[in-house]
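Got your viewer open? Let's walk through this one selection at a time, beginning where the chains meet and ending with some aromatic rings.

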Amino acid sequence: MSGNTFAYLDEGSKREIRRSIFKAVAIPGYQVPFGSRELPIGRGWGTGGIQLTLSIIGRSDVLKVIDQGSDESVNAVNIKEFVKSFTDVQTTSDSEMATIIQSRHRVPETPLRNDQIMVLQVPGPEPLRGIEASEEATKVMHAEADYVGIWLELYEDLIRHGSITAPCNYPVEVQGRYIMSPSPIPKYDNHKLSGSDCLYLFGAGREKKIYALPPYCTAVSLAFEDIPFQTEDFRGKSCCLCGAESVYLDEIYDAATGDLRYQCSDTGFCKKRRETCGAAERRLEA
Amino acid sequence: MKTFHDFDFVMDTQALFRAMLECIANPGRIVNIARLSSKLPVHSAHLTALGLVVLDNEVRFNTSGDGKLQESLSALTLAKPAEFQHANYIFCPLDRRASIPEAIVEAKAGTLQDPHESATFFIETDNLREGAFTELRGPGIKDAMRAPLSPAIQQALFYRDEKACRFPLGVDFFFIDSGGNLMSIPRMVRSYAA
């Protein structure tokens, strides 16, 4: 780290991002524009989340980075190494030890605490983009709380397919006002956003937007009165490594045998569970 | 003798930012920043410390007529002073409390398309742990919390409500007392008689 700026970004950049974070927290669900900086990583690879992490992180923080639930994926490992090389902070794969968790596509299984900050990388922050291509027009729609288009989109999906097919990035209504993209987390994770103890920060580097959900804020997944919101169903399935049930599972298909097996998507949770169970079994054997 | 070298403009500013973030994300919670702000050898050290987190040459501020505070904030941050109606950040020292009503009435509340273009207040107040108990409700608060609100805070909230801005428009507050206790009440949080 010697000779480099702490946390890579210059202080002016951090200050602007910090100002945007304050506004984002004060106006839950509203996308605050910011001057997204160049990073030594391509846009679309988590630059929004990285800029948030670099702007909030301090020496006493403990950082966890996950990508699709995994602590060991190339993206997660490299982001973690990048931040560590400019801050010297401690890193971890244990959700409970972390003070800042940066993630793409998942919220950890372990419930987060009030002293933790969850940073989510967002490729497409605008929930109205599928309906309206113009940024100017979507700003007006948000200003007028004109969300008819998004409801119509869900309705058309329902009529065509018999159910709402969006597997992830399922829109939520924040505190009864803004409709917000929760980033490409699976629908399974949507309920973790509402009334959470922790602060959620969302960063879209390419789209230059920051938004937030303060703790205990409501984030209701959109649903019709007679068609309730449904998440992925893992009933009767469990992780082949740790045996966990009622968690988000990855489906793994063995082409050679044709077997299907399931594994925890949250690798840190799975690892800790195996270690804890292993230790308990060893104690019993002893 | 204290000098500006005692204050680490990178690490201490980061710690101040996190204290402010904890406050604004958890309205009504009190976080103490005296350890950091006491390093600054200036008049109104607490307000100056908060200013260092948000001010630079891209934003405008107003110090409610406090010339010394304006001078030190300008010198340290290169931010430009402005009238209440143009200021992004408005600082109200304790002895300028009389200007709070005018500042709130005139402050920017944002627009429906750009609600973030609104003012944030930093108001010096009496002891944050003393005052009439009031119930606070809103995002960042689990159900409701009872908090003692000093007369200056009650006055600020009264004029904010009088401003009659409908969310997402509004102004956000940080309150600080002489002991360095910091508390925030953002625009969506409302107070009710306990």
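Before you click on anything, keep in mind that this is a predicted model.

**Stop 1: the contact between the chains.** Colour by chain and select the residues where A and B touch. You should pick up 38 residues from chain A and 39 from chain B. Together the two chains bury about 3,300 Å² between them, and 63% of that is on carbon and sulfur atoms. Now show A:R19, A:F22 and A:K23 as sticks: in chain A these lose the most area to chain B, together 22% of what that side buries.

**Stop 2: charges and polar contacts.** Stay at the contact and look for charged partners. There are six salt bridges between chain A and chain B. To see one of them, select A:K139 and B:D114, whose side chains meet at 2.9 Å, N to O. Counting polar contacts between the chains gives 18 residue pairs, both residues at pLDDT 80 or more.

Which elements of chain A give two or more residues to the side that touches chain B? Colour α1 (11-26), β1 (32-33), α2 (47-56) and α4 (135-143) of chain A, and you have them. The largest share comes from α1(A), with twelve residues. Sort that whole side of chain A by residue type and you get 22 nonpolar, five polar and eleven charged.

**Stop 3: aromatic rings.** Show every Phe, Tyr and Trp side chain. A search of the whole structure turns up 23 aromatic pairs over all chains. Zoom in on A:Y155 and A:F224, an edge-to-face pair with 6.3 Å centre to centre and 75° between the planes. A:Y155 sits in helix α5 (residues 148-161) of chain A, while A:F224 is in the loop between β10 (219-221) and β11 (249-253), so the pair ties together parts 69 residues apart in sequence. Is A:Y155 buried or partly exposed? It is partly exposed, because its relative accessible area is 43% and buried would need under 20%.

Next, select A:Y188 and A:Y248. This pair is tilted, at 5.6 Å centre to centre and 50° between the planes. A:Y188 lies in the loop between β7 (178-180) and α6 (190-193) of chain A and A:Y248 in the loop between β10 and β11, so here the parts tied together are 60 residues apart in sequence. Both A:Y188 and A:Y248 are buried.

**Last stop: a cluster.** Select A:F22 again, then add B:F17, B:F61, B:Y89, B:F91, B:F122 and B:F174. These form one aromatic cluster. You've met A:F22 already, among the chain A residues that lose the most area to chain B.

How values were computed:
Residues numbered from 1 in each chain as written. Chains lettered and ligands numbered in written order. Predicted model: local features only at pLDDT ≥ 70, side-chain atom pairs only at ≥ 80, totals over all residues. Heavy atoms only, no water. Contact = heavy atoms within 4.5 Å. Buried area = accessible area lost by both parts, 1.4 Å probe. Salt bridge = Lys/Arg side-chain N within 4 Å of Asp/Glu carboxyl O. Polar contact = N/O pair within 3.5 Å; in protein donor to acceptor, adjacent residues only side chain to side chain. Helix = DSSP H or I, 4+ residues; strand = E, 2+ residues; numbered from the N terminus. Nonpolar A, V, L, I, M, F, W, Y, C, P; charged D, E, K, R; others polar. Phe/Tyr/Trp six-rings, centres within 6.5 Å; stacked < 30°, edge-to-face > 60°. Buried < 20%, exposed > 50% of the residue type's maximum accessible area, 1.4 Å probe, protein only.
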